[in-house]
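This report goes through one protein model, from its nonpolar cores to the way its chains are arranged. Please look at the sequence and the structure before reading on.

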Protein chains: 4
Amino acid sequence: MRRTTFSLLSPDRGGRAGVVVDWLIMAVILVNVAAVMMETVDSVASQYGPVFLWLEICSVALFTVEYLGRVWSAVEHPAYSGPISGRVRFASRPLLIVDLLAILPFYLALFGVGGDLRVIRALRLFKLFRYSQSLSFFTRVLKRKKTDLVVVTVVDAAVLVVVSSLVYLVEHQAQPETFTSIPQTLWWGVATLTTVGYGDMYPVTPLGQLLGGITAVLGIGLFALPASIIASGFLEEARSATTCPQCGTRIDHTDDATDSSVSGRLENSR
Amino acid sequence: MRRTTFSLLSPDRGGRAGVVVDWLIMAVILVNVAAVMMETVDSVASQYGPVFLWLEICSVALFTVEYLGRVWSAVEHPAYSGPISGRVRFASRPLLIVDLLAILPFYLALFGVGGDLRVIRALRLFKLFRYSQSLSFFTRVLKRKKTDLVVVTVVDAAVLVVVSSLVYLVEHQAQPETFTSIPQTLWWGVATLTTVGYGDMYPVTPLGQLLGGITAVLGIGLFALPASIIASGFLEEARSATTCPQCGTRIDHTDDATDSSVSGRLENSR
Amino acid sequence: MRRTTFSLLSPDRGGRAGVVVDWLIMAVILVNVAAVMMETVDSVASQYGPVFLWLEICSVALFTVEYLGRVWSAVEHPAYSGPISGRVRFASRPLLIVDLLAILPFYLALFGVGGDLRVIRALRLFKLFRYSQSLSFFTRVLKRKKTDLVVVTVVDAAVLVVVSSLVYLVEHQAQPETFTSIPQTLWWGVATLTTVGYGDMYPVTPLGQLLGGITAVLGIGLFALPASIIASGFLEEARSATTCPQCGTRIDHTDDATDSSVSGRLENSR
Amino acid sequence: MRRTTFSLLSPDRGGRAGVVVDWLIMAVILVNVAAVMMETVDSVASQYGPVFLWLEICSVALFTVEYLGRVWSAVEHPAYSGPISGRVRFASRPLLIVDLLAILPFYLALFGVGGDLRVIRALRLFKLFRYSQSLSFFTRVLKRKKTDLVVVTVVDAAVLVVVSSLVYLVEHQAQPETFTSIPQTLWWGVATLTTVGYGDMYPVTPLGQLLGGITAVLGIGLFALPASIIASGFLEEARSATTCPQCGTRIDHTDDATDSSVSGRLENSR
């Protein structure tokens, strides 16, 4: 029976029944996230309060059964064979911690601990990670481009600090109520460099506007780089990730086929 | 005569007369869309009311003749040969439904059904799809990159929900009138992640601004990806789509030449 | 003497004296554009009025001499050899029309014609096109990607009209003062699709915000495409444009080396 | 001892002690930048005033020792061997000038010169350049794409001047308080072309909005180009920069391997 539980709860296993379990859990997660969002709308919350309460109780019951089932049946996996040490190691995996965080606030609230953590329940969305090949593909792309993204992040952070300090220096006297401090001006800096431009803070002096214009131009040159870098990572990851046509094993060409990737070469150049 | 009608109404057929018919229909569509738009300008509507009415009557007459002609002559096409079943299948094609929607509101209004559907007439623009190689090229690009775009859309939707929930949690108390609920905060989230930044909603607390800054930076990294993906699809589609220099048939290299396309590989990697 | 004039006025010709003439004209153009801009600043205009007047008179004098000199010496060029027909054809070239437009308003104003055309003088900037290799390089890039840019422009225009019509339909009743008509809503549509987001118009109804969010997401997918397309044109143009190492002639590989360019293939696929 | 000082102060030299010195200086720089930013927050400044003062004194002391140590030991480097001329040449290098600017304001303030230059201290961040491989990698990317970036900058500047002049011409009469002059309208132009769109200036006349819409569309086509160009430079630089697997020397393939880079070809095409 433990073996059956293990199969049922593993994505892409457990036959027809496993698929039903997978889709059931996914549906409950999505309904939960939608419920958390709708519950913050006053008119909806006051009218359907009991519905949300019952949905929460049923969801937590299901997620608790799921969590306990996973931990209990984990020893079926060869990597987690020890009855206690294996289960502890299994329960420490990020996805299992997400599973625990999805139910813990409810039990804490029963004992009057934790205050109003309703919104935290939106993080139940992360439970979907288990079923998402999109996200695991995306994670591999980010990993592949890590070095490049770090280079850009360092440069972007330095540019943000410098332009914000300069604009604060220029605008503080003209608008002491708006550009109150450098940390506050960082907010202007991010809104400008990312070209969001809310309009709650903007320079009004000629020198401030000159600096602001340079900042905006720098912004689309520097802050748009991550998108280009991730996009090229997408292409490379898709090229290097193939499955063996015979046995279906995923073959990672990272070591040889992607010599030409930026991160790989960058590593070499150090 | 049915054969002639069929040729006349098929784009790029019917000889000189067919070209005249094509251009006539296209011109009437464009004039219609312009009319719908100008009719919403009060000063124009009050002055040229009768002109718009007559234009509408003539356009509907023409489009009705066109629609009936297409359905009647459809049986000339070998794929729709059955006198009734063929015509029904033909009339169910998306472009034919668009043709029907372009005239139906007028006839419904004659019988007092449907209310004020004037603006719906702007959708007559979609009738142009039949004549647009741009759009069919574009559709092929989107089809080719479907898998990648789905990956990005899933990730983007998850990021949108999570950042909006967190910012709601942080800003709701400081600005209960602005950040009223999570669904309302989703509007802020989209405006920030796409870097539109209208300025109707923005965080004012330090923690909210920190989250908002991270959201904006994530936005240009994640929400700008579709543009890069579509652009690379553009390049690949243009490379793989060639016509035979002898007979003019379109040759699609998708199966072999574009093994290296992201979507193709991604399929393999599953 | 006519031959000397011709050489002096041709960019990259006329030896040392020609270079001096080139730089003189370029400097006068830049000073002129700066003057036109500064003259609109009231405090500057009232203080330095006479300076601007004299600068204008001297500039027009120089540009008039330059214009007459170009037309007079044009017949030295083999392609414009006819004394009258050659000069007329030469004077009809875009750059010569720009030269004429740079001086004509001044003479019209002398005869009381044309009103206040001072700002038109900012267009003298276009006279720099003659000296700019950047701009000619850029023009070639645009020409190479013409077909792709047309495809995207058609799709973008259609999307703009459709989303603006829909948002007008949804928002007109809630904000009749802001979303007054579809043409006015097009302004919102452009500001959203380009992610500028001034904040003077934005939807406030839930349905309008849903449409607005979809519009913003579509915007970065579709309206950012031209940048990617031009960027890839940049790369291809730079690759295909080489000069013969022996004689210095520019060799355009367009016909063979860039078979793989999007526009080339698109042409083939038709 | 001079030799030891030289090794200790050179990044990636001086053994374990050198690493400690490197990390110590980096940490002090980061703490300094954070302090400068926090000091502008009134509540923090009034409470922790003495802490900031002592931090400043200690930092300047350390940076002074570091600066004198670098200049004194510079003659150990073969390129700066002359006791005076070598040290002067060494002290003229950009990084050494940054080091000097990091301490000079403090000493000037002691003698009552320079006024309130506290914020200038944020520029101490630039001292980190010495330790940053990210920034040196980034500088090489910018150098590689210099020609392309210049082409785009020239075109962008011309577009900015022309659209701003035209919009000023159209909007000045409708909004004389907002579009006061062309230089002021340049601020609108930058905010629109970069798609920041603060919302402090925007056209309200139909013609102005038409021009504004065209400007916004041009903006994402032209002002987003630098990001694409820098991104492709990133890829190329990473490809061409490898180290010899035997001796670790950095090998720059610029001359042969990157023939296909835009800037290289552009140079050829001239």
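## Nonpolar cores

Which residues have the most contacts inside the largest nonpolar core? In this predicted model, they are A:Phe234, B:Phe234, C:Phe234 and D:Phe234, and the core that holds them has 199 residues. Helix 7 of chain C, covering residues 146–171, supplies the largest share of this core, with 12 residues.

Another core lies apart from that one and has 25 residues. Among them are D:Val33, D:Leu96, D:Leu125 and D:Leu128.

## Domains of chain A

The domain assignment divides chain A into domain 1, residues 1–131, and domain 2, residues 135–240. Between the C-alpha centres of domain 1 and domain 2 of chain A the distance is 37 Å.

## Transmembrane regions in the record

An unreviewed UniProt entry gives the feature "transmembrane region" for chain A at residues 20–39, 51–75, 95–120, 149–170 and 210–231.

How much of residues 20–39 of chain A is helix, and how much is strand? The span is 100% helix and 0% strand, with its end C-alpha atoms 28 Å apart. Residues 149–170 of chain A are also 100% helix and 0% strand. The end C-alpha atoms of residues 149–170 lie 31 Å apart.

## How the copies are related

A turn of 90° and a shift of 0.0 Å along the axis lay chain D on chain A with an RMSD of 0.2 Å. The two copies are therefore related as by a four-fold rotation axis.

Why can it be said that the copies meet through different surfaces? Only 13% of the interface residues of chain D are also interface residues in chain A, so the surfaces through which the copies meet are different.

Conventions: Residues are numbered from 1 along each chain as its sequence is written. Chains are lettered from A and ligands numbered from 1 in the order in which they are written. This is a predicted model: local features need pLDDT of at least 70, side-chain atom pairs count only at pLDDT 80 or more; totals for chains, interfaces and linings use all residues. Side-chain values use heavy atoms; hydrogens and water are left out. Domain bounds come from an automatic or database domain assignment. UniProt positions are given in the numbering used here, feature names are shortened, and annotations may be inferred rather than shown by experiment. Helices (H or I, at least four residues) and strands (E, at least two) are DSSP runs, numbered from the N terminus. Copies are superposed by least squares on the C-alpha atoms of residues with pLDDT of at least 70 in both. Contact means heavy atoms within 4.5 Å. A nonpolar core is a set of buried Ala, Val, Leu, Ile, Met, Phe, Trp, Tyr and Cys residues joined through side-chain atoms within 4.5 Å. Buried means under 20% relative accessible area, exposed over 50%, partly exposed in between (1.4 Å probe, protein chains only).
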